Amino acid sequence: MPTGHNPRQIRAMLTMLVAVALFAMMDAGLKQLSAHYPPLQVAALRGAASLPLVLVWALATVGVRPLLKVRWSLHLLRGVLGVAMMAAFVYAVSRMPLSTTYSIFFVAPLLITAMSVPFLGEKVGPRRWTAIAVGLIGVLVLLRPTGEGLVSLAALAVLVAAVMYSISAITVRILARTDSTQSMMVWLMVMIAVGGGALAWPQWVPIRSEHLWLIGGVGVAGALGQYAITEAFRMGEASLIAPLEYTALIWGVLLDLSLWGVLPDAITWLGAGIIIASGLYLLRRERVHAEAEHP
């Protein structure tokens, strides 16, 4: 049931806006690093740079025991998904503007809803299935499969990243029943750092000293962003918080313009608009459904 925009909800919304901004800064750093290092190496550096901060926070808040008493099989699956997602996303941003990458990636909430049916046994009504279908049409608009468009390895990589992210989100819902948030964050960073590093090792490029500040910035922004988004969802209603994720497009446009001098074209705006509208409608229907289930 709606509680209104009380101070706690407002704090949650502001925290979510901060989280989105931090992740956008991290992605800009990943894009800059991708010009010098292979995608798997950038993914590994992202995990390794955030790990010390995440580990200190986890040990300070819950200690060692909750980090070791976990469902290892699901954490391993999430680690594999995390490495694949990060590598695909980094490959995409190295070849496309951030705003275009974000626009395609916005299909993830629609995929999560669709996947919740077979994996979690949740019920999705015809209106929500319609919203998912409309969102996928928006993806087709962005990809422009008629010949001159964005159908490329980079665009497909974003879709792969969105699928990996969606499956990972489903595993989080399952893990949250038994494992702590701290354990999920720590082991994801460990597996991205170790797994990505092992896969990247044969083509590892020596890290240049002038990029150390950038790697550190990616780590700090990623860790703080993860903490902020966790706090936002802890304090606020998901139906109020989740739509703020779409403000990433604003950051993407600003960063593209200021750092790389590019702007989205009309087709990109159209496709992004369709996907965002579908996502917002889907979130609204999920809130109505939740209120009907728990009056």
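So, which residues line the largest cavity? Let me start there, and keep in mind that this is a predicted model. The lining consists of Arg 46, Ser 50, Val 54, Arg 78, Met 185, Leu 188, Met 189, Gly 222, Ala 223 and Gln 226. If you want to find that spot on the screen, look at three helices: α2, α9, which covers 181–200, and α10 each put at least two residues into the lining. Chemically it's a mix, with 5 nonpolar, 3 polar and 2 charged residues around the cavity. The volume comes out at about 50 Å³. And how many cavities of 30 Å³ or more are there? The count is 1.

Okay, on to the rings. There are 6 aromatic pairs in the structure. One of them joins Trp 57 and Tyr 227, with the ring centres 5.6 Å apart and the planes at 80 degrees, which makes it edge-to-face. What I like here is the sequence distance: Trp 57 belongs to helix α2, residues 39–61, while Tyr 227 belongs to helix α10, residues 212–235, so this pair links parts of the chain that are 170 residues apart. Those are two of the helices I just mentioned for the cavity lining, α2 and α10.

Are these two rings buried or exposed? Somewhere in the middle, actually. Trp 57 has 21% relative accessibility and counts as partly exposed. You could easily mistake that for buried, but buried means under 20%, so Trp 57 at 21% lands on the partly exposed side. Tyr 227 is partly exposed as well, at 36%.

Another pair is Trp 201 with Trp 204. Here the centres are 5.9 Å apart and the planes make an angle of 40 degrees, so the label is tilted, since edge-to-face would need over 60 and stacked under 30. The accessibilities are worth a look too: Trp 201 is exposed, at 62%, whereas Trp 204 is partly exposed, at 28%.

There's also a cluster: Phe 89, Phe 105 and Tyr 165 go together as one aromatic cluster.

Still on rings, but now with a charge. What sits over the ring of Trp 260? That's the charged end of Lys 31, 5.1 Å from the ring centre. Trp 260 itself is in helix α12, which runs over residues 248–260, and at 31% relative accessibility the residue is partly exposed. If you take the C-alpha of Trp 260 and the C-alpha of Leu 98, you get 9.9 Å between them, although the two residues are 162 apart along the chain.

Next, salt bridges. The structure has 2. Glu 122 and Arg 173 make one of them through their side chains, at 3.2 Å from N to O. Glu 122 sits in the loop between α6 (108–120) and α7 (126–143), and Arg 173 sits in helix α8, residues 153–175, so this bridge ties together parts that are 51 residues apart in sequence. Both ends are partly exposed: Glu 122 is at 35% and Arg 173 at 37%.

Arg 208 and Glu 210 also form a salt bridge, and there the closest N and O atoms are 2.9 Å apart. Again we're partly exposed at both ends, with Arg 208 at 40% and Glu 210 at 41%.

Last bit: two residues that are out of reach of the probe, or almost. How accessible is Gly 138? The value is 0%, so Gly 138 counts as buried. This glycine lies in helix α7. From its C-alpha to that of Ile 267 is 9.9 Å, and those two are 129 residues apart along the chain.

The other one is Tyr 37, in the loop between α1 (7–33) and α2. You might expect a loop residue to stick out, but Tyr 37 has 4% relative accessibility and is therefore buried. Its C-alpha is 29 Å from the one in Val 139, with their positions 102 residues apart along the chain.

That's my tour. Happy to pull any of these up on the screen.

Note on methods
Residues numbered from 1 in each chain as written. Predicted model: local features only at pLDDT ≥ 70, side-chain atom pairs only at ≥ 80, totals over all residues. Heavy atoms only, no water. Phe/Tyr/Trp six-rings, centres within 6.5 Å; stacked < 30°, edge-to-face > 60°. Helix = DSSP H or I, 4+ residues; strand = E, 2+ residues; numbered from the N terminus. Buried < 20%, exposed > 50% of the residue type's maximum accessible area, 1.4 Å probe, protein only. Lys NZ or Arg CZ within 6 Å of the ring centre and 35° of its normal. 1 Å grid on protein atoms, 1.4 Å probe; cavity = no way out; pocket = protein on both sides within 12 Å on 5 of 7 lines; lining within 4 Å. Points joined across faces, edges and corners; volume = space filled by probe spheres on them. Nonpolar A, V, L, I, M, F, W, Y, C, P; charged D, E, K, R; others polar. Salt bridge = Lys/Arg side-chain N within 4 Å of Asp/Glu carboxyl O.
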